[in-house]
Amino acid sequence: MDEARQTAAPAAKDQDLARATQDPGPHLTTNQGLRLADDQNTLRAGARGPSLLEDFHFREKITHFDHERIPERVVHARGAAAHGYFQVTEDLSDLTMASLFRDPAKRTPVFVRFSTVAGSRGSADTPRDVRGFAVKFYTDEGVWDLVGNNIPVFFIQDAIKFPDVIHAVKPEPHNEIPQAASAHDTFWDFVSLTPESTHMLMWVMSDRALPRSFAMMEGFGIHSFRLVNAQGQAHFVKFHWKPRKGVHSLLWDEAQKIAGKDPDFNRRDLWEAIEDGDFPEWELGLQVVAEADAGKFPFDLLDPTKIIPEEDVPVRRVGRLVLDRNPDNFFAETEQVAFCPAHVVPGIDFSDDPLLQGRLFSYLDTQISRLGVNFAELPINRPVSAMSNNQRDGKLRHRIDRGRVSYFPNSLAGGCPAHSPDAMAAFRTYAQPVSGQKLRVRSESFADHFSQATLFWNSMSPWEKDHIVDAFSFELNMVGTVAVKQRVLDELLVNVADDLAARVAEKTGLTIQSTRRSQPHQQASPALSMDRPADSIRGRKVAILAAEGVDATQLGAVQTRLHQEGAKTEVIAAVAGSVKAADGSALPVDRPAPNAPSVLYDAVVIPGGAAATALAGMGQALHFVLESFAHGKPVAALGEGAEILKKMSLAPGDGVVTGTDVDKVMHELVLAMKQHRHHGRLTAAVPA
Ligand code: HDD
């Protein structure tokens, strides 16, 4: 068998990682394996005297601690990750020779890291921001990294502007304010002068930037890549990840509150889903364009600020990504994982997208700065296929390369490691013809910055448009420099849509001072809207309010029904421990009210009977229901529970379900939860 191509069995990476993983041993030792008798006291001269330099144990322990931190990622510093696998559902040999895409029986191990972009490593999970969606495939032909985002376009068209857009969005350099937020002068100053960012801004100001769960967001490779088959034929391809749980988001008000109540909200959700066996899953989708058709679009396929509308080139679903194991150690795996778009395997190649071209350089460079030149040797980064070359030495080299030969060509080692012939699927760059003058220019074909921003706007449902208007207005109202806000309105938004510009002008107290450059088109792409029900409520969290006198049988029926649907439930009461049920039993409480704000749940159930009367007198319970209602969440009130709704003038209907038949009410609640949220509610007068 070809040694360089061991088979990546599903557990291949797990087995590899197991070699580096260990449980704590029974005896405390130094790093040199010396057993210790006392780790509580430094060595000192006399019981109350000064510490002694001789205390090698103290010095080793403190020195190691002093050096525990590595530089955080310059972007995408905050993240969470999980192990899993990828499997194609059909043989894609017609498109690519990549082995992971050819055999539906093969499971390729993956490690996937999700992230926010602007915040520091310790920032909250829920700012308005793009989410990273980086997938490392440990294929039997080498590591392939698909380093994407949850938004299919980018702010800039050329990688040379990346430091600028990031400097602009990061906390301002003089006072390091604000953390993990684009709502400040420098970001809007930059984008207002960079019209190519308009399409991306529409996405970032939409609810896409506030995912309810990593498992409920789409992922995109963004650039056009190339798939190359064994005959050397290439197709352009855009990669999509389609979540099995549907695409759902938080509201801005929720996202802000969650940032304080549970800053680990998305990270926790990912961790718990995997621990519960509710494995996050996505389908891989491909939009494939023949090389000959590349010029047939009204935009340039190489322009990363453009999508190919799904209605024009359908997304072909070809595989599944499943995350089924949490990391053992955050630092060793999630922090040290090093992605790089230049990590490809035979059958996957690049396009000339100038953003992608720049990324091919930047990531290797950043990993060296973060982790050192031998980062590829770290357990989480090393391939499952055999690795052998003449690179040597460098800080923290782990491998012990035997022999006297570290050069090529050589005869002393029999010419090894040797070039691989084509039959062994070695990587060969796609032989794309290239010619031209050296120019520092932007192609004319990249010049239209507004058509797809308008397409996005036209494709939104009324509530999605409302949220976009509110987001632009919120952000601009945080900007101090009036000229900057005015420029966003006059240079960007007027060129997207009249109503968008007018509505943002009204909410920001500005007056439009420019006219549109061209007539906006009326086209829409329905696939861009998130206004679509989910087919299940798996992984959603339902709060069940409880108080003394609660009907334990009724509550049990509620739990059983929701658990059957794959939802999670938590019983919330005034204090921790248990509540006394009507039948005298002690009903366990999952969380006391002060630890259980409504923003952490997807729906709420109010029980009937004596508990309803007790809850009606509890401010925290009333606030919970009011806030859930104001956030458009499904609310179910059983029997007397409906009195609480009446008391607060919350009308049934539109996701508020009431009744005495538990089965029927739960059935309606599940349907309402599949809608996720009920935006039609008139909530302006609700005090929450
Ligand atoms: Fe990037 C990290 C995604 C443009 C330079 N990027 C990083 C991560 C993701 C992306 C998901 C985090 C990976 C992880 O979890 O460790 N980046 C993108 C996407 C882009 C993009 C989808 C546009 C389509 N990035 C981009 C450009 C440059 C970089 C144009 C530089 C020229 N990105 C980096 C970086 C990072 C990074 C500085 C920081 C940490 C790291 O690489 O490992 O090299």
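By helices I mean DSSP runs of H or I with at least four residues, and by strands runs of E with at least two, both numbered from the N terminus. I also note at the outset that this is a predicted model.

**Entry 1: Glu 218**

I began with Glu 218, which sits in the loop that runs between helix H5 (198-204) and strand E5 (219-220). Is Glu 218 buried or exposed? I take Glu 218 as buried, because its relative accessible area is 7% and the limit for that word is under 20%. I then looked for polar partners of the Glu 218 side chain and found the side chain of Arg 208 at 2.5 Å, as well as the side chain of Lys 242, joined to Glu 218 by a polar contact of 2.8 Å. With neighbours within four places in sequence left aside, the contacts of Glu 218 include Arg 208 and Lys 242 again, together with Phe 133, Trp 241, Pro 243 and, of interest for the next entry, Asn 149.

**Entry 2: the annotated active site**

I looked up the UniProt record, an unreviewed entry, and its "active site" annotation covers His 76 and Asn 149. The two positions are spread over 74 residues of sequence, yet they cluster in space, with a largest C-alpha distance of 10.4 Å.

Where does Asn 149 lie? I find Asn 149 in strand E4, which covers residues 142-149. Asn 149 counts as buried, since its relative accessible area comes to 7%. Apart from residues up to four places away in sequence, Asn 149 touches His 76 and Glu 218, and its other partners include Val 130, Arg 131, Gly 132, Phe 154 and Phe 220.

His 76, for its part, belongs to the loop between helix H2 (56-66) and strand E1 (79-88). Which residues does His 76 touch, if those up to four places away in sequence are not counted? I list Arg 113, Ser 115, Thr 116, Val 117, Gly 132 and Asn 149.

**Entry 3: the annotated binding site**

The same kind of search in UniProt, again an unreviewed entry, gave a "binding site" feature at Arg 73, Arg 113, Phe 162, Arg 359, Tyr 363 and Arg 370. I followed three of these positions, namely Arg 113, Tyr 363 and Arg 370.

Arg 113, which I had already met as a contact of His 76, is placed in strand E2 (residues 108-116). I count Arg 113 as buried because its relative accessibility is 4%. Its side chain reaches the backbone oxygen of Ala 77 at 3.2 Å.

What donor does the protein offer to the iron atom of the ligand? I found a single one, the OH of Tyr 363, at 1.8 Å from the iron. Tyr 363 is part of helix H9.

Arg 370 is likewise found in helix H9, which spans residues 354-371. At a relative accessible area of 6%, Arg 370 is buried. A polar atom of the Arg 370 side chain lies 2.9 Å from the backbone oxygen of Glu 335. Once neighbours within four places in sequence are left aside, Arg 370 is in contact with Glu 335, Gln 336, Val 337 and Ala 338, and also with Ile 70, Pro 71 and Arg 73, of which Arg 73 is itself listed in the UniProt "binding site" feature.

**Entry 4: a parallel sheet and two helices**

I next traced an open sheet of 6 strands, in the order E15-E12-E11-E16-E17-E18, with parallel pairing. Its edge strands are E15 (591-592) and E18 (656-659), each of which pairs on one side only. At the E15 edge, I followed the parallel pairing with strand E12 (residues 568-573), which extends over 2 bridges, and I noted that Arg 591 in E15 is the bridge partner of Ile 572.

Which helices lie across these strands? I recorded helix H14 (residues 552-564), which lies across E11 (541-545), E12, E16 (603-606) and E17 (635-638) and runs at about 150° to E12. I also recorded helix H18 (residues 662-674), which lies across E11, E16, E17 and E18 and runs at about 175° to E17.

**Entry 5: Thr 508**

Finally I checked Thr 508, placed in helix H13 (residues 498-508). I call Thr 508 buried, because its relative accessible area is 11%. The Thr 508 side chain reaches the backbone oxygen of Val 504 at 2.6 Å. Leaving aside neighbours within four places in sequence, I find Thr 508 in contact with Ser 473, Leu 476 and Asn 477.

Conventions
Residues numbered from 1 in each chain as written. Predicted model: local features only at pLDDT ≥ 70, side-chain atom pairs only at ≥ 80, totals over all residues. Heavy atoms only, no water. UniProt positions renumbered as here; feature names shortened; annotations may be inferred. Contact = heavy atoms within 4.5 Å. Buried < 20%, exposed > 50% of the residue type's maximum accessible area, 1.4 Å probe, protein only. Polar contact = N/O pair within 3.5 Å; in protein donor to acceptor, adjacent residues only side chain to side chain. Pairing = 2+ DSSP bridges. Axes fitted to C-alpha atoms, helices over the stretch in contact; angles between N-to-C directions. Donors = N, O, S within 2.8 Å, 3.2 Å for Na, K, Ca; no water.
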